[in-house]
Amino acid sequence: MKSVILLVIAVCASGIRANPNPPVEEFNLQGFAQGTTYSIRYYAADSLVRRYQVDSLLRVIDQSMSIYNAESKISLFNKEETKEMSLDIHMQKVIRASLKYNKLTKGFFDITVLPLVNLWGFGPQKKMEEPTSTQIDSVRKFVGIDKILLKGNRLIKRASKVSLVLDGIAQGYTVDILADFFKNKQVNRFIIELGGEIYAYGVKPDGESFKVRIQRPYRDSEEGYIVTLQDRAITTSGNYEKYRMTDGQHISHHINPATGRTVQNTTISATVIAKTAMQADALDNYLMFLPPEEAIAFVEKQKEVEAYIIYEENNELKELQSSGFNNYIYNINHKPN
């Protein structure tokens with residue numbers, strides 16, 4: 001503290017005034033986390049955030065909620081011998097939010113679905129054969145949000161074989177945590193992307209909003225919309241990247257927890273714009289379960305949420321969007337910068 005005071009006095013005594021508007025530089029950070037990549041661009045007068053700080057924060061979250069890390073909190077909870085566990089702050093917040101979204105989505109968003117995810121071959125242990133009805137029914141006994149109980153910071157199993165997966169919400173949460181970290185470091189202009197989950201804050205030095213292109217399905221030659229983002233998140237869930245073909249049938253990674261079967265729907269992708277990446281992340285998954293019209297009707301009832309749906313009808317790609325989505329569209333002929 002003394003050295004800071006002396007510095008201020010020295011500056012004042014010499015008649016030198018600090019520049020109220022120092023030149024702003026662009027800083028870019030890239031790396032790997034949560035089985036994917038991240039990319040961060042921010043503008044500041046100095047390098048206020050370094051890559052090692054971001055990596056350190058991401059490691060803490062991975063240690064909490066990654067099912068691909070055998071020593072993570074969630075992996076230890078998923079062990080059959082574990083009956084209950086004291087949660088760290090990250091897992092506690094995500095579990096609490098997951099309970100809320102389970103209720104909002106009438107049970108479709110369900111973090112206890114991991115046994116079914118594994119059964120269908122989309123978990124850490126890959127398998128290609130399609131499960132039988134008997135196998136599905138036997139696993140469904142351990143799926144359902146009623147199989148867990150959150151009491152304060154303690155999570156309790158109500159069935160020994162219950163196991164959780166937070167992938168449908170944890171990446172969005174991670175983006176929000178990174179955003180809060182940058183804000184606390186007094187960074188007022190940034191865009192964060194982690195595994196396709198994006199949050200933008202403030203505007204660029206030229207006054208322009210950050211711009212993001214919405215990815216189109218792989219078989220579509222058109223370029224997707226470009227949207228402008230300011231203090232908003234955008235996420236997309238689709239069935240055209242994470243899937244497999246079995247006997248000529250498209251097997252989606254989206255699994256209905258009530259039936260235990262993969263979703264068969266005309267919806268190909270759902271893009272959500274919301275105030276937080278965690279909210280957008282949870283809702284884009286839910287919209288994949290719904291027929292396009294129902295998905296848009298649901299979004300229209302949500303506060304400060306917009307959505308854009310691509311679906312298939314008569315072998316043609318079609319689109320639907322919520323009433324306020326047009327407010328974010330920039331120009332399809334421009335490229336993001």
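In the structure, the count of aromatic pairs comes to 13, where rings of Phe, Tyr and Trp (its six-membered ring) are taken to pair if their centres lie within 6.5 Å, planes under 30 degrees apart counting as stacked, over 60 as edge-to-face and the rest as tilted. In one of these pairs, the ring centres of phenylalanine 108 and tyrosine 286 are 5.8 Å apart and the ring planes stand at 45°, so the pair is tilted. Because phenylalanine 108 lies in the loop between helix H4 (89-104) and helix H5 (114-119), whereas tyrosine 286 belongs to helix H8 (residues 277-287), the pair ties together parts that are 178 residues apart in sequence. Helices (H or I, at least four residues) and strands (E, at least two) are DSSP runs, numbered from the N terminus. The structure is a predicted model, in which local features need pLDDT of at least 70 and side-chain atom pairs count only at pLDDT 80 or more, while totals for chains, interfaces and linings use all residues. Residues are numbered from 1 along each chain as its sequence is written, and side-chain values use heavy atoms, with hydrogens and water left out.

Burial was assigned from relative accessible area (buried under 20%, exposed over 50%, partly exposed in between; 1.4 Å probe, protein chains only). Phenylalanine 108, at 27% relative accessibility, counts as partly exposed, whereas tyrosine 286, at 6%, counts as buried. The ring of tyrosine 286 also pairs with that of phenylalanine 298, the centres being 4.9 Å apart and the planes at 80°, so this pair is edge-to-face. With tyrosine 286 in helix H8 and phenylalanine 298 in helix H9 (residues 292-300), the pair ties together parts that are 12 residues apart in sequence, and both tyrosine 286 and phenylalanine 298 are buried.

The helices that carry this edge-to-face pair also pack against each other: the axes of H8 and H9 come within 10 Å and cross at roughly 150°, which makes H8 roughly antiparallel to H9. Axes here are lines fitted to C-alpha atoms, for helices over the stretch in contact, with angles running from 0 to 180 degrees between N-to-C directions; angles under 35 degrees count as roughly parallel, over 145 as roughly antiparallel, 65 to 115 as roughly perpendicular and the rest as oblique. On the H8 side the contact (heavy atoms within 4.5 Å) is made by Leu283, Tyr286 and Leu287, and on the H9 side by Ala295, Phe298 and Val299. Helix H8 is mostly covered, with 11 of its 11 residues buried; among them are Asp281, Asp284 and Asn285.

Elsewhere, Phe27, Tyr42, Phe181, Phe182, Phe190, Tyr199 and Tyr201 form one aromatic cluster. Aromatic rings also meet charged groups, a charge being counted as sitting over a ring if NZ of Lys or CZ of Arg is within 6 Å of the ring centre and within 35 degrees of the ring normal. The charged end of lysine 157 sits over the ring of phenylalanine 77, 5.0 Å from its centre, and that of lysine 211 sits over the ring of tyrosine 330, 4.8 Å from its centre.

Salt bridges, in which a side-chain nitrogen of Lys or Arg lies within 4 Å of a carboxyl oxygen of Asp or Glu, number 9. Arginine 232 and glutamate 304 form one such bridge, with the closest N and O atoms 2.8 Å apart. This pair links distant parts of the chain, since arginine 232 is in strand E10 (residues 232-238) and glutamate 304 is in the loop between H9 and strand E14 (306-313), 72 residues apart. Arginine 232 is buried, with a relative accessible area of 16%, whereas glutamate 304, at 36%, counts as partly exposed. Salt bridges that share partners join Arg232, Lys275 and Glu304 into one network.

A salt bridge within a single helix is formed by arginine 51 and aspartate 55, whose closest N and O atoms are 3.1 Å apart; both residues lie in helix H2 (residues 51-65), 4 residues apart, about one turn of the helix. Arginine 51 is partly exposed at 42% relative accessible area, and aspartate 55 is buried at 16%. The side chains of aspartate 146 and lysine 147 likewise meet in a salt bridge (3.4 Å, N to O), in which aspartate 146 is partly exposed at 47% and lysine 147 is buried at 17%.

Over the whole protein, the secondary structure comes to 9 helices and 15 strands, and buried residues make up 49% of the 337 residues.
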